[in-house]
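Colleague: I have not looked at this one before. Can you put it up and take me through it?

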Amino acid sequence: MKKKIIYLGLFLTLISTYNQPLFAYDSVSYSKQADEKTLYNKYKDVTNDLNLIKAIELLDNTTGKYSKEAILGRNLTNRPVKIEFTNLALINPMYTNFDALGWKKKKNLYIYINEKHKDAPPEALCALLAHEAIHQDEHNSLNEETYAWTLEAAVWTQLSDDNPELEKISHPLVERENVIKKLFVRGNYTSKYIHKFVITNKG
């Protein structure tokens, strides 16, 4: 009986010391896994890349919200846009140094992002996707391209103004976003200087 009392005392001491059940599970980790599973299901027809999913979700609180709707199927094809990282040189060597491509194959839309941007911040990818989701057919006018670049700049400006640390991240996609943000701000938040940039830009 004395041994049982000692063991019981040790058991209660352990519980009070750590202030948690001995067989507890990590509720935060479990919740995170459940949230990620929900997101994967939501975007299963778009992408299976979590970084891209986070980027698309960020569009909700920006002027690029329509781009999210377009990605999910509210576009000229009425089908979700498929998004993936890839080696753009495999599509055509002339696209080697492009950051991304909006593409249409038969009745489906695709956004191919240069694989070098796999580790880009979701906010930078968000701005890029806002741009690429505008391209929904085989035709691409200067006006459409100017609008897409301006939208990208506007989205990045919103996100980086909310979190200035984003501009300090060393990444090629962030460098791109910082360049067009400067043009956007310099043009008093219009396409004035971006239009000139688009004429000379490749990719």
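Modeller: What follows is a short talk about the sheet and the pockets of this model, which is predicted.

Colleague: Sheet to begin with. How many strands are there, and in what order?

Modeller: The sheet has 3 strands in the order 1-3-2. It is open, and the pairing is mixed.

Colleague: Which strands are at the edges?

Modeller: Strand 1, residues 82-86, and strand 2 are the edge strands, each with pairing on one side only. On average, neighbouring strands are turned by 25° against each other, with direction ignored.

Colleague: Do strand 2 and strand 3 run parallel or antiparallel, and how many bridges join them?

Modeller: Antiparallel, with 6 bridges between strand 2 and strand 3, the latter being residues 108-114. To pick out two pairs, Ala100 has Ile113 as its bridge partner in strand 3, and Lys105 has Asn108.

Colleague: What about the hairpin of those two, how many residues sit between the strands?

Modeller: There are 2 residues between strand 2 and strand 3 in that hairpin, and Lys106 takes a positive phi near 55° there.

Colleague: Which strands does helix 5 touch?

Modeller: Helix 5 packs on the sheet and touches strand 1, strand 2 and strand 3. The direction of helix 5 makes about 145° with that of strand 3.

Colleague: Changing topic, what volume does the largest pocket have?

Modeller: The largest pocket holds about 500 Å³ of space. Its lining is made up of 23 residues, and those closest to the centre are Leu101, Gly102, His135, Asn140 and Glu145.

Colleague: Which elements supply that lining?

Modeller: Strand 2 (100-105), helix 5 (122-132) and helix 6 (142-162) supply at least two residues each. Strand 2 gives the most, with 5 residues.

Colleague: And what is that lining like by class?

Modeller: The lining of the largest pocket counts 8 nonpolar, 8 polar and 7 charged residues.

Colleague: What about the second largest pocket, what is its volume?

Modeller: The second largest pocket has about 160 Å³. It is lined by 12 residues, and Asp99, Pro172, Glu175, Arg176 and Asn201 lie nearest its centre.

Colleague: Which element gives the most there?

Modeller: Helix 7, residues 172-186, gives the most to the lining of the second largest pocket, with 5 residues.

Colleague: Same split by class, please.

Modeller: For the second largest pocket, the lining has 5 nonpolar, 3 polar and 4 charged residues.

Notes
Residues are numbered from 1 along each chain as its sequence is written. This is a predicted model: local features need pLDDT of at least 70, side-chain atom pairs count only at pLDDT 80 or more; totals for chains, interfaces and linings use all residues. Side-chain values use heavy atoms; hydrogens and water are left out. On a 1 Å grid over the protein atoms alone, a cavity is a set of points where a 1.4 Å probe fits but cannot get out, and a pocket is an open set with protein on both sides within 12 Å along at least five of seven lines; lining residues have an atom within 4 Å of a point. Grid points are joined across faces, edges and corners, and a volume is the space filled by probe spheres set on the points. Helices (H or I, at least four residues) and strands (E, at least two) are DSSP runs, numbered from the N terminus. Ala, Val, Leu, Ile, Met, Phe, Trp, Tyr, Cys and Pro count as nonpolar, Asp, Glu, Lys and Arg as charged, and the others, Gly among them, as polar. Two strands pair if DSSP finds at least two bridges between them. Axes are lines fitted to C-alpha atoms, for helices over the stretch in contact, and angles run from 0 to 180 degrees between N-to-C directions. Contact means heavy atoms within 4.5 Å.
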